[in-house]
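Trainee: I'm new to this one. Could you take me through a close look at the place where the two chains meet?

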Amino acid sequence: MSRHSSTRLLRVLCFCLVLVTVSAGVGDFISAQRRTLYWGSTGQDVKDVQYRLRQWGYYDGLIDGIFGPRTSAAVRQFQARNGIPVDGIVGTATWQALGLWTGGGGAGTQTSPPANYTASAGVSRSNDVQLLARLIHAEAQAEPYLGKVAVGAVVLNRVQSPQFPNTLAGVIYQPGAFESVSNGRVNLTPSAESVKAAVDAINGWDPTYGALFFWNPYKRVSAWIWSRPIVRQIGQHVFGK
Amino acid sequence: MKDRSRIVVGVLAALWVATALWGFNQYGARAQLNIHLNNRYQQEFEDLVSSVENIEIALGKSLVSGSMRNNIIHLSEVARHAEMGQYRLGNLPLPQRLRNRTATFLAQVSDFATVMAKKNASGGLLSESDRNTLSRLHTEAGVLGTKLLEISDENRRGISWARLQDRAEDELDEASDDLTGKFVNIDKQMMEYPTLIYDGPFSDSVIGRTPKSLDGPEVSRDEARDRARTVLRSADIEFSDLRDAGTVDGRIKAYSFEGVRGGTSQANNPVTIEVSVRKGIVTWFTGTRPVETARMERDEAIERAKAFLERIGYKGMEATYSSIEFNIATIPFVAVVDGVRVYPDMVKVQVALDNGDILGLDAVGYIMNHIDDREMRKPKLSEDEARERVNSELDVKTTRLAVIPSFSDEDTLCYEFRGKYGADDYIVYINALTGEEERILKVIDLPSGEFTM
């Protein structure tokens with residue numbers, strides 16, 4: 001219990017640190033144009049990149065504003081995943097892919113909409129992907145890839161089912177529905193594999209053929225859940241209708 | 001010596017007092033948080049009761065009303081209150097088994113009322129059976145409302161929602177006289193109602209859907225394994241022997257096989273492939289692996305996917321939109337019958353953009369919807385007649401005939417008009433038989449590909 005609360009305290013402290021870093025960075029979002037960053041660059045904009053890369057699970061070093069080997073490696077990995085030439089340099093394309101590009105098309109001072117909003121993009125799926133990826137990560141971190149996609153598919157099947165709330169957030173945050181939501185693990189940064197599994201599930205792949213429940217048969221669960229018709233087992237999870 | 005022990009006692013006493021104060025403080029904070037949470041739940045519950053009462057009232061009005069135009073308003077109101085009710089029920093800390101049926105009821109009421117309002121709006125009168133269903137739902141909403149009110153009365157004496165949440169599912173039974181027992185009773189009551197079948201997404205007919213293309217003999221596991229091998233070879237996947245991985249019993253019953261990818265670049269990544277028990281069709285397979293770089297254009301990936309589909313017997317399929325994520329292209333193909341795109345018959349293929357490998361196939365949509373020798377109906381409207389029904393503000397770029405999925409058993413033949421309104425792309429579907437506007441999709445253009453909403 002005490003270890004639990006001390007790690008929580010640590011987490012709160014870390015969070016405060018991050019918060020300070022972020023709020024310090026807000027001013028820079030307004031600057032007109034982003035400069036190119038490379039090995040050796042320092043400054044607030046480096047922190048912005050580090051923070052974003054960390055949010056998305058590419059970077060696990062300090063947010064210190066110094067473009068060092070770890071930042072460079074994270075940038076390369078990010079570029080490789082996003083189809084940007086892998087050079088470890090944060091130029092226009094990388095800034096844009098990070099969603100941090102603030103310059104407009106030209107040098108003029110036109111009032112343009114926010115950087116990552118365009119008329120027809122309207123809403124982006126990345127929201128849904130991130131939310132689903134967090135749940136997959138928290139519920140099925142140790143599961144094989146197939147088991148991760150299957151957990152994502154169950155959540156999406158619930159959204160389509162009249163028995164459950166009709167939005168993704170409604171299903172995920174339904175009181176008592178997921179253990180990882182009740183204990184807060186759902187807020188951990190998802191691994192790249194969990195994000196990929198979320199994308200596959202949202203693209204429609206359902207290894208469970210319509211399952212609405214999953215549970216770990218090696219843990220104590222209610223008798224009622226065992227009354228559900230079982231579709232299959234993947235890793236440590238049983239999937240049921 | 002005496003002084004020293006006095007100091008120790010003093011310090012200990014001070015520590016004790018400090019701890020007690022801290023503990024008391026924590027207790028107070030916790031209690032406050034509990035009250036706050038309980039109040040939120042209480043609000044959701046009371047709002048749920050109002051929603052159900054409002055559903056009952058609006059349903060009653062829709063039965064009495066003689067004006068079609070007013071009826072649309074009443075029915076929309078039913079839908080709105082039912083949707084809110086479903087949302088509120090979802091926010092309550094109830095075990096899933098206690099809300100299954102009630103949630104389904106609310107979703108279906110909302111859905112059914114929407115379908116009826118649409119019917120009225122397009123000039124159709126409600127049939128005798130529609131009115132009977134509305135009347136049935138009216139009674140059921142009334143019963144639900146009364147039961148919830150009973151709980152609400154009990155609630156005034158103060159019910160702890162947190163306690164309800166903590167209760168293990170096993171302890172739920174109707175015998176208990178408290179809140180839990182009352183919810184158990186409601187759920188039992190709702191379970192006795194007959195199924196509701198209509199043309200909406202939450203209809204019982206949609207939930208219990210069975211595959212349309214699997215009427216055929218069962219195949220043995222060995223035959224299924226042979227089929228799996230053939231398909232994997234057609235995808236140029238090198239693999240170890242396929243292990244038996246059990247049978248899957250979902251919407252489709254299927255044999256599951258597992259192997260390991262061979263070859264140099266893809267060693268050790270697992271391959272999973274499943275084959276339907278009836279007719280022995282591959283439902284899906286995946287041999288996914290990390291793809292570090294993209295060396296291939298989207299069009300080339302589409303060509304490779306199409307060639308693969310031809311090899312395994314999906315002839316004349318057409319690629320629709322596609323998306324690229326993690327350097328993997330996901331490309332849905334749809335069947336084309338007599339020049340008409342049949343969107344429900346969809347097969348998805350994944351292609352690695354580094355060397356063009358086929359990484360996966362998902363044919364579940366196709367198997368669920370495909371009908372052999374689909375009889376294509378002749379449109380009653382000409383293309384020009386249909387186009388007149390499209391809002392003239394939409395700058396139409398392309399037109400084609402397409403079959404789009406419908407919630408009822410029959411798919412809908414439509415003219416598909418894609419065009420621009422302002423900066424945005426839209427797709428409008430006009431029913432080729434009735435001229436009704438069936439659906440409007442907004443096209444969302446993301447770096448990874450196009451999506452519709």
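Mentor: Let's start with a term: a contact here means heavy atoms within 4.5 Å. By that rule, chain B brings 55 residues to the meeting place and chain A brings 43 residues. Keep in mind that this is a predicted model, where local features need pLDDT of at least 70 and side-chain atom pairs count only at pLDDT 80 or more, while totals for chains, interfaces and linings use all residues. As for bookkeeping, residues are numbered from 1 along each chain as its sequence is written, chains are lettered from A and ligands numbered from 1 in the order in which they are written, and side-chain values use heavy atoms, with hydrogens and water left out.

Now for the area. The size of an interface is often given as the accessible area lost when the parts come together. Here, buried area (the accessible area, with a 1.4 Å probe, that two parts lose on being put together, summed over both) comes to about 3900 Å² for chain B and chain A, with 55% of it on carbon and sulfur atoms. On the chain B side, Gln96(B), Trp284(B) and Phe326(B) supply 16% of the area buried against chain A, more than any other three residues.

What about charges? A salt bridge is a side-chain nitrogen of Lys or Arg within 4 Å of a carboxyl oxygen of Asp or Glu. The rule finds 24 salt bridges over all chains, and one of them lies across this interface. That pair runs from Glu274(B), in strand β3 (residues 270-276) of chain B, to Arg232(A), in strand β2 of chain A. Their side chains come to 2.4 Å, N to O. There are also 15 residue pairs in polar contact between the chains, both residues at pLDDT 80 or more; such a contact is a pair of N or O atoms within 3.5 Å, and within protein one must be able to donate a hydrogen and the other to accept it, with residues adjacent in sequence counting only if both atoms are side-chain atoms.

Helix α3 (residues 96-121) of chain B gives the most to the side that touches chain A, with seven residues. Helices (H or I, at least four residues) and strands (E, at least two) are DSSP runs, numbered from the N terminus.

Back to the strand that holds Arg232(A). Strand β2 (residues 230-234) of chain A is joined by four bridges to strand β3 (residues 237-240) of chain A, and the two run antiparallel; strands pair if DSSP finds at least two bridges between them. Gln233(A) has Val238(A) as its bridge partner. The two strands form a hairpin with two residues between them, and Gly235(A) in the turn has a positive phi of about 55°.
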